[in-house]
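Here are my notes on the model, set out as numbered points. Please read them with the coordinates open.

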Amino acid sequence: MKAYVTRRIPQDDLERISAHADLASWEGDEPVPRDVLLEAIADLDGLLCMLTDRIDAELISAATDLRVVSQMAVGVDNIDLEACRERGIRVGHTPDVLTEAVADHAIGLLLAAARRIPEGLREVSEGRWGAWDPWHQLGVDVHGTTLGIVGMGRLGNAVARRARGFGMTVIYASRRETGEIGERLPLDDLLSMADHVVLTVPLTSETERMIDGAALGQMKESAVLVNISRGPVVDHAALEGALRSGSIFAAALDVTDPEPLPSHSTLLDLDNCLVVPHIASATRNTREAMARLATDNLLAGLDGREMPAEMGL
Ligand code: DGY
């Protein structure tokens, strides 16, 4: 059996895979180049991949023996699931183990944007800290406000639990009544009622550009928009317009479209737009747990056993 891992993962996990399969892996600091992956895939039984790898129909058709794709992420929008289904290729991912870390990060981003923390850091580091001024750098409240959560799966619920600790009222928009806390509302109502909005939906054809100019236009002028889902869920041109005109207060983006966001992006000129490089799950414990689960999925798929976290295709 042959397996390939597209990025460095902990040695323990590599050894577990090597015990079962003839293993090759990409050791570079950047994602594996497309041509390398296309060549490697030809005789693979199993692939452990990252969200930066495009597992599309071309790659799947080059993979004559492939039986399992195990992604080290919960989101699988980089994988052509239909092509996998047609070929009977099983797909694993890493839900649950990252939920709490990502929810912590969502709250961190909300607080940072609402209280203008990056602007304060810049002011101090650039030597612009003047005398204390009662009206300087005023933000908006987070505590006691209404939080609108778009998408109420594991992650939405984890954000909602944290929001309760801040005395927030939770409302959510979701296809199903999945909230442990809060009232489910149509998206339009959520956008106009929420003081702040957190996006946790997966990227699908339904959610792509879900937050467009019209959606942003429904939000409050004092609202912060936090995106911890996928960049293309938000129309960036419309977002920039809303931030420049002040029709929303601020945005905090863990994810962008494209990624990496080019350093010349005009979004980065805005004080009320905070951008971090897709790090919501980036704690050591969480990333190690993700690698472990991705390895467990890969090995179970190679052995034809039940995978701990398999996508239903
Ligand atoms: C995921 O898992 O989909 C995140 O975006 C990265 O942890």
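**Notes on the predicted model**

1. Asp22 is partly exposed, because its relative accessible area is 48%, and the range for that class runs from 20% to 50%. Asp22 sits in strand 2. Beyond its neighbours within four places in sequence, Asp22 is in contact with Met1, Lys2 and Ala3. Val74 is another matter: Asp22 and Val74 are 52 residues apart in sequence, and their C-alpha atoms are 26 Å apart in space. Note that this is a predicted model.

2. Now the sheet that holds this strand. The sheet is open, has 5 strands and follows the order 2-1-3-4-5, with parallel pairing. Why do strand 2 and strand 5 each have one side without a neighbour in the sheet? Strand 2 (22-25) and strand 5 (90-92) stand at the edges with a single partner strand each, so one side of each is left free of a neighbour in the sheet. From one strand to the next, the twist averages 15°.

3. Next, the pairing of strand 1 and strand 3. Strand 1 (residues 2-5) pairs with strand 3 (residues 46-49) in the parallel sense, over 3 bridges. Ala3 has Gly46 as its bridge partner in strand 3. For Tyr4, the bridge partner in strand 3 is Leu47. Helix 11 (residues 284-303) packs on the sheet and touches strand 1, strand 3, strand 4 (68-71) and strand 5. The direction of helix 11 makes about 170° with that of strand 4.

4. Strand 3 also pairs with strand 4. The two run parallel and are joined by 4 bridges. Leu47 stands opposite Val69 in strand 4. Between these two strands the chain passes through helix 3 (residues 57-62), and this β-α-β crossover is right-handed.

5. Check the side chains of strand 3. In a regular strand, side chains alternate between the two faces of the sheet. Gly46 and Leu48 point one way from strand 3, while Leu47 and Cys49 point the other way. Gly46, Leu47, Leu48 and Cys49 are all buried.

6. The ligand site deserves a close look. Which residues surround the ligand? They are Leu51, Ala73, Val74, Gly75, Leu98, Arg230, His278, Ser281 and Met290. A ligand oxygen atom lies 2.9 Å from a polar backbone atom of Gly75. In the side chain of His278, an N or O atom is 2.6 Å from an oxygen atom of the ligand. For the side chain of Ser281, the corresponding distance from an N or O atom to a ligand oxygen atom is 2.5 Å.

7. His278 has a second point to check. Its phi is positive, about 50°, although His278 is not a glycine. His278 is found in the loop between strand 12 and helix 11. Most residues other than glycine have a negative phi.

8. Arg116 belongs on the same list. Phi of Arg116 is near 55°, a positive value in a residue other than glycine. Arg116 lies in the loop between helix 5 (99-114) and helix 6 (117-125). Arg116 counts as partly exposed, at 22% relative accessibility.

9. Look at the cis peptide bonds too. Most peptide bonds are trans. Asp257 and Pro258 are joined by a cis peptide bond, with omega about 5°. Pro258 has its place in the loop between strand 11 (250-253) and strand 12 (273-275). The peptide bond from Glu259 to Pro260 is cis as well, with omega near -10°. Pro260 is likewise found in the loop between strand 11 and strand 12.

10. Last, His196. Is His196 buried or exposed? His196 is buried, because its relative accessible area is 1% and the class takes values under 20%. His196 lies in strand 9 (residues 196-199). The side chain of His196 reaches the backbone nitrogen of Val224 at 3.0 Å. Leaving aside neighbours within four places in sequence, the residues in contact with His196 include Leu110, Val140, Asp141, Val142, Met168, Ser222, Ala223 and Val224. Thr145, Thr146, Leu147 and Gly148 are also among the contacts of His196.

Key: Residues numbered from 1 in each chain as written. Predicted model: local features only at pLDDT ≥ 70, side-chain atom pairs only at ≥ 80, totals over all residues. Heavy atoms only, no water. Pairing = 2+ DSSP bridges. Axes fitted to C-alpha atoms, helices over the stretch in contact; angles between N-to-C directions. Contact = heavy atoms within 4.5 Å. Buried < 20%, exposed > 50% of the residue type's maximum accessible area, 1.4 Å probe, protein only. Right-handed = clockwise from strand over helix to strand, strands pointing away. Near = heavy atom within 4 Å. Polar contact = N/O pair within 3.5 Å; in protein donor to acceptor, adjacent residues only side chain to side chain.
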